[in-house]
Amino acid sequence: SVPRPTDVDATEPILLIRLASIRGVTQLRLVGTGRVVGTRVVSDRAVAGVPAPLPGVDASGQYLFVRGSAGIGFVAGRVLSAAGSPVADALVTTSGLPVVGVAATDGTYAVPAAVGTGTVTAVDVVRLDRVSVPVTVPSRGAVVGVDLRLEPLALRITSLTPSDGTTSVPLSSAVVATFSQPLDPATVTAASFQVAFAGGIAVGGTLSLSGGNTRVTFRPAQILAPNASYTVTLTTAIRDAVGRALSGPATAQFSSLDTRPPPAPEAGSIAATIPDANGFTTVTGAQGTAGLRDTVSIVNLTRNTSFPALVAPNGSFTATFSAGLGDRLQVAITDASGNQTVVPLPTFTRTNPDGSRASVVGSEGGRISGPGGVVVDVPAGAFPAPTVVTIAAVDEAAFPTQLTAEQKQFFSFAGGLRLD
């Protein structure tokens, strides 16, 4: 007992509290009550209206009597497992008060609660099963009976990296799974946590636990293979520290970094117009030349400049910029993984209103095409500088010299062309 302070009387319940370490945390544990007896406050194991006594002063430690400044009552009953058996040492709390109750070996408990509506929560400190239910304490000193049946805690995967469907995973990546509670390390094995190629062949590597055994990291023995698909499988053989199995098997598929460059454009799918009077050319790519997520740029090797092209949803693209007749151009197509295909642009060309076709020929010569399938091979050195050469088709009626009837007995007009 302790001397009764002058402002303490029997109108408000007095609690006997012990400072107790519960799972490494210091708690204010209810171990009894206090009764005013004359000039003293005397400890008592009983709570009026609660059949089972509290522990009282049963061990060395620090104890204190406390008296609430607002109305206080009690919630009492039993803590039961999901199967209905009593749960000893369960921690019971109520909303609004820092005082806890601890269930006895038969599951009985008592805990103070503020007058009014709140919640009472019970936690199995070993298995971490818990339950919270609403409770209403009608008046100070009232005892409300509530049996608390715990709800089993499921072992869940809270995150998995790479997640299902991830693409272009860096080749040095590890696979990391985080769980809702600590695991039994003995259950985390190559059989219960597996990374495999698409064909089912397991990937060699090491498993490690961290984060208080809530995080598992699989690190491949070698970096991931590029352009490959992988499947991560976690089975219900994985269990937490108290033996609960994973709530269900889990799988995730991901693909590693794609290092394959975009396919080279088909011949004739890219064209560049002859620079106009203002010195501008337009480069175009036909439908399907680029992928939906590709970026395209035109590189002027002569001027050391680059211009972005506008890519349409159908894979065609266009870019207009300044260039000279002798400039050498390249098209760079880059996919979402950063892989790039670079192709040289063909010579500048233009189709004229009369159907003739103009092309730029440099000093290196080359092959140019005209209308009607006409092809002209220009030898190197034919032109000292880049020159526009126009090929026009000439039909028999427009040919300046007509064959006579006698000549037609030996010859026929096969075709004509004009070079300008």
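How much surface does the chain expose, and what share of it do carbon and sulfur atoms supply? The chain exposes about 22,100 Å², and carbon and sulfur atoms supply 55% of that area. Please keep in mind that this is a predicted model.

Let me begin with the chain as a whole. It contains 1 helix and 34 strands. The C-alpha trace spans about 150 × 50 × 35 Å along its principal axes. For 420 residues, a compact globule would have a radius of gyration near 22 Å, whereas this chain has 43 Å. Buried residues account for 38% of the 420 residues. Of the contacts with a separation of 6 or more, 58% involve residues 24 or more positions apart.

I turn now to the interior. In soluble globular proteins, nonpolar side chains tend to be buried together. Here, the largest nonpolar core has 23 residues, and those with the most contacts inside it are Val175, Phe179, Phe193, Val232 and Leu234. At least two residues of this core come from each of the strands S15, S16, S18, S19 and S20. Apart from this core lies another, of 20 residues, with Phe317, Ala319, Val343 and Leu345 among them.

Val175 deserves a closer look. This residue lies in strand S15, which covers residues 175-179. Is Val175 buried or exposed? Its relative accessibility is 4%, so Val175 counts as buried. Leaving aside residues up to four places away in sequence, Val175 touches several others, including Leu160, Pro162, Phe193, Val216 and Val232. Val232, under that condition on sequence, has contacts that include Leu160, Phe193, Ala250 and Phe254.

The loop between strand S14 and S15 holds two further points of interest. Pro162 is found in this loop, and the peptide bond leading to Pro162 from Thr161 is cis, with omega near 0°. Ser168 also has its place between S14 and S15; its phi is near 55°, a positive value in a residue other than glycine. With a relative accessible area of 29%, Ser168 is partly exposed. Another positive phi, near 70°, belongs to Leu128, located in the loop between strands S10 and S11. Leu128 counts as partly exposed, at 36% relative accessibility. As background, most residues other than glycine have a negative phi, and most peptide bonds are trans.

Finally, I would like to describe two sheets. An open sheet of 4 strands follows the order S21-S22-S26-S25, with antiparallel pairing. Why does one side of S21 and of S25 lack a neighbour in the sheet? Strand S21 (270-272) and strand S25 (310-311) stand at the edges and have a single partner strand each, so one side of each is left without a neighbour. S25 and S26 run antiparallel and are joined by 2 bridges, and Val311 stands opposite Phe317 in S26. Phe317 is also one of the residues in the core of 20 residues.

The other open sheet also has 4 strands, in the order S29-S30-S33-S34, and its pairing is antiparallel. Its edges are strand S29 (349-351) and strand S34 (416-419); each has a single partner strand, so each has one side without a neighbour in the sheet. From one strand to the next, the twist averages 20°. Within this sheet, 5 bridges join S30 to S33, and Ser359 has Val389 in S33 as its bridge partner.

Key: Residues numbered from 1 in each chain as written. Predicted model: local features only at pLDDT ≥ 70, side-chain atom pairs only at ≥ 80, totals over all residues. Heavy atoms only, no water. Pairing = 2+ DSSP bridges. Buried < 20%, exposed > 50% of the residue type's maximum accessible area, 1.4 Å probe, protein only. Contact = heavy atoms within 4.5 Å. Core = buried A, V, L, I, M, F, W, Y, C linked by side-chain atoms within 4.5 Å. Rg over C-alpha atoms; globule rule 2.2 N^0.38 Å. Areas by Shrake-Rupley, 256 points an atom, 1.4 Å probe, with all protein chains shown as cover. Axes fitted to C-alpha atoms, helices over the stretch in contact; angles between N-to-C directions.
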